[in-house]
Amino acid sequence: MEVLKENEEEEQREEEELKALKISDKQHDVERKLSVDQACTPNDVPDFDWSSIDTSQLPSSYKTNSPKEKKLLCIADNFLQQYAHLCPDREPLLLHPINECGVEKFVSTTVRPTLLPYTELFHWEGCASFVSDYLTMEPLKSPIAPPSSLYSPTTILKYQRGNCFDFSVLLCSMLIGAGYDAYCVNGYATHNLCTMDETLEVCPLLRKPQKETEKPKRDPLHGLRVHAWVLVLSGKREVPETFFINPFTGNSHSTTDEQFLGIESVWNHRNYWVNMQDCWNGCKDLIFDLGDSIRWEFMLLETDKPHLLFLDVKEEEELFDRDMDNAEKEEDRRFDMPPSWVAPIQISPREFETRTPQGRKVILYKKAKLEKWAPYLNRNGLVQRLTVYADSHYTKVVEVREWFKNREDKLEMREVNKQTQLTTEHFHPGHLLGLKAHIYTSMEPETERTMEFYNEARVDGLQKRVENANEMTEYFVGRDDFLYFRHVEFGKRVKKIHIAGTRTDINPRPIVQIKECFHRNVEKPADEDVAERVFLTTEERINLTYHLNDKYITASKKNFLKGAESDRKGNEIIMTPEMCTTYQAGSSETDKKQLHLYKLLQKLTEEEKQLKHEVWESAAEVLEILKTREDEAADIKLTVSIYDKERNEERRQEYEAMDNLMEDDLLGQEGQDLDYLAPFLIQTGNIEKMSKGQALCIKDNCLTDFKHRLTHKANIIQAHLQKEVEELQKKDQWYQENQNELSTEDEADFLAYCSETMFRIRVLALRLKREKQMAPQKYLALEEKLRKDPRLNMYLSHP
């Protein structure tokens, strides 16, 4: 009973509030004052004094009205008087608010159709997204009344802020310029829509939005809150169905969306229409045929306005009689809309790229926060981040998704699950190692991870590699040998004493088993086309399973037991029947000729050795990728498009500054500790009596000597590199000759030696390449320094 009583009291209070908020001449001013106090201003939007903006440089069309505009204002006042007389219960129309210069301007002339030169803005989604990102939302001064002023889209763009009407006029101008049949709407919407409160909405970027949505709290101003948005009619630009666009978010909505509660009027750059339909059910039942003069009262007659397509005879007669009765009245309305007083809308490439005010924008959704940045604002290329929380207070992070642009390492997106610490990285095509995705919990080697690759960019057709401490699985696509799957099992690593100066990650894991699967090769008989082969290295066994013949329910198999190819005395061991078990599907033959089986076993043994090397190379590639990713993360670099003139100029200046520093660095220590001219000047004797020819000779001798030094240094590196290569070749030859007698530990030592030597070879090759690239720059730097040296310049400059 107490609960019912409380509910009745609450309902009674709400009814009293709604009665008090009914629009009437006596209470209107009081309600407007109340609404100003209740206006919801976002905490993160600082107050802005629009009265302080500089309007002195604006065109004259902003400060005065042309004769045609003055006549339009008279027509609008006459229209408003008739409207107020016929519809005394309706709210006053928004027809000619003042602009930034304090001049009354008709709302249709504030729309400036513009097609901007950016591909993204050729479509409504791009236009809506740009406007919602570029501008900062300001609430209306009164939530239940249209604004008293409406500034030009150029001013709104300049200061990057505005209310819902400013957003809508700018968006409508861009959409009309892009060919859409778009209109600004003056209407009513819910509290969340008007205040850009999306904390009850699920973020569109979340893959699995929640089905249940929380209902907003009851709003005493429900149905009275004024909002402006954009109406896009079907027809033009192949728009299949009429829809709304909320300019604050850039999202599209159905015209039956319950968040839109009513429409007073709509307008574009050509005319102004008043909605004469009942909005008791919101916008759900509204018909948006602006040519229907019964449902939409237009202010100016147009030759190209939309008309109803089908009228019966009675309707046509009634329409004719009404037109005749109102002939004189409509004669005054036969007036072409003056051109827009707004200057051409322009957005520079840098402004278009920056998008958000101050380069950053934050949107709060239900248990999620979306942050946006302008490209190049963050040094790591971060442009968007979605943080998902477990609570509504945004304190417990569950997941973080980040999007990147212009990264040299091609990183596109990163997802981090904060509960499992699982990280997923996605890459654009073009990564140095063909990496497409990397899923991991730790960057430590031999931990659980998955690497996906752009298989078209790889010679081996590798598509995916899954690895942990004990296993590695690889998936292939489009290989000539029809291989599509490889699984490797590793054993425990042999303990080794670490040698100072060597890497600790090159001790390979012993291979226990290798399993490979192949697609069907139709050029071979099924019982000769291997479907699966397993190398049990620790058991010295090789098992083959062939593809299934269409006529049989079982597949042929061969199982080999490897023995030593030769005994201790070097005598070749003869293959025995016990070394091979054969099952031939559909045949009673159990044995094949021993020679055939022996040759097959020899071939498989060689392939097993090669396969071990491929597995080792795969493991080494994983280490290389991890090392590369660590280096890329430690030194993130961003790319600049060749069409970005502004940044290319900045990059050119940076390069020039770097070149100057490099020039000083090239001569660096040698220039500080050594004087290249000193030995050659001493040979000349009396410097004060030096001739121009002697000065030139000293300069040439100095440069020649420096060139010999550079060549000598490169030769030393080349010799070291050649020595390492020769040592590796000798070691590999030794391995080929003795591999059958090597133990597992000896083989592991050999692989470790190869890995260490390859590492040194890569370092030396990199140093040699760098030395060859830098040598010309060093030579030119010294030549420039000698040219400027005062000890030579004074002789070289005189004839």
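The legends below accompany an overview and several close-up views of a predicted model.

**Figure 1. Overview of the predicted chain and its secondary structure**. The chain is built from 17 helices and 25 strands. It comprises 799 residues, of which 43% count as buried. Among the contacts in the chain between residues at least 6 apart in sequence, 57% join residues that are at least 24 apart.

**Figure 2. Close-up of helix α5, spanning residues 124-134**. Nine of the eleven residues of this helix are buried, so α5 is largely enclosed by the rest of the structure. The buried residues of α5 include the aromatic side chains of W124, F130 and Y134, and they also take in G126, C127, A128, V131, S132 and D133.

**Figure 3. Surroundings of S152, a buried residue in a loop**. S152 lies in the loop that runs between β1 (136-137) and α6 (153-159), and because its relative accessible area is 0%, under the 20% limit, S152 counts as buried. The side chain of S152 takes part in a polar contact of 2.5 Å with the side chain of E100, and a further polar contact, of 2.9 Å, links the side chain of S152 to that of T154. When the neighbours within four places in sequence are left aside, S152 is in contact with Y62, E100, T110, W341 and V342; E100 therefore appears both in this list and as a polar partner of the S152 side chain.

**Figure 4. Surroundings of E258, an exposed residue in a loop**. E258 is found in the loop between β6 (251-254) and β7 (260-267), and because its relative accessible area is 58%, over the 50% limit, E258 counts as exposed. Not counting residues up to four places away in sequence, E258 touches T190 and K284. The side chains of E258 and K284 are joined by a polar contact of 3.1 Å. E258 and G282 are separated by 24 residues in sequence, while their C-alpha atoms are 6.8 Å apart in space.

**Figure 5. Cysteines C194 and C517 in a structure without disulfides**. A search of the whole structure finds zero disulfides. C194 is in no disulfide, and the cysteine sulfur nearest to that of C194, which belongs to C164, is 6.8 Å away, whereas a disulfide would call for two cysteine sulfur atoms within 2.5 Å. C194 counts as buried because its relative accessibility is 12%, which falls under 20%. C517 is likewise buried, with a relative accessible area of 9%.

**Figure 6. The largest pocket and the elements that line it**. About 1500 Å³ of space lies in this pocket, and its lining is made up of 50 residues, with A620, E621, L623, E624 and R762 lying nearest the centre. At least two lining residues come from each of β18 (462-467), β19 (471-476), α12 (594-634), α15 (692-738) and α16 (744-788). Among these elements, α12 gives the most to the lining of the largest pocket, contributing 15 residues. By residue class, the lining of the largest pocket divides into 24 charged, 19 nonpolar and seven polar residues.

Conventions:
Residues numbered from 1 in each chain as written. Predicted model: local features only at pLDDT ≥ 70, side-chain atom pairs only at ≥ 80, totals over all residues. Heavy atoms only, no water. Buried < 20%, exposed > 50% of the residue type's maximum accessible area, 1.4 Å probe, protein only. Helix = DSSP H or I, 4+ residues; strand = E, 2+ residues; numbered from the N terminus. Polar contact = N/O pair within 3.5 Å; in protein donor to acceptor, adjacent residues only side chain to side chain. Contact = heavy atoms within 4.5 Å. 1 Å grid on protein atoms, 1.4 Å probe; cavity = no way out; pocket = protein on both sides within 12 Å on 5 of 7 lines; lining within 4 Å. Points joined across faces, edges and corners; volume = space filled by probe spheres on them. Nonpolar A, V, L, I, M, F, W, Y, C, P; charged D, E, K, R; others polar.
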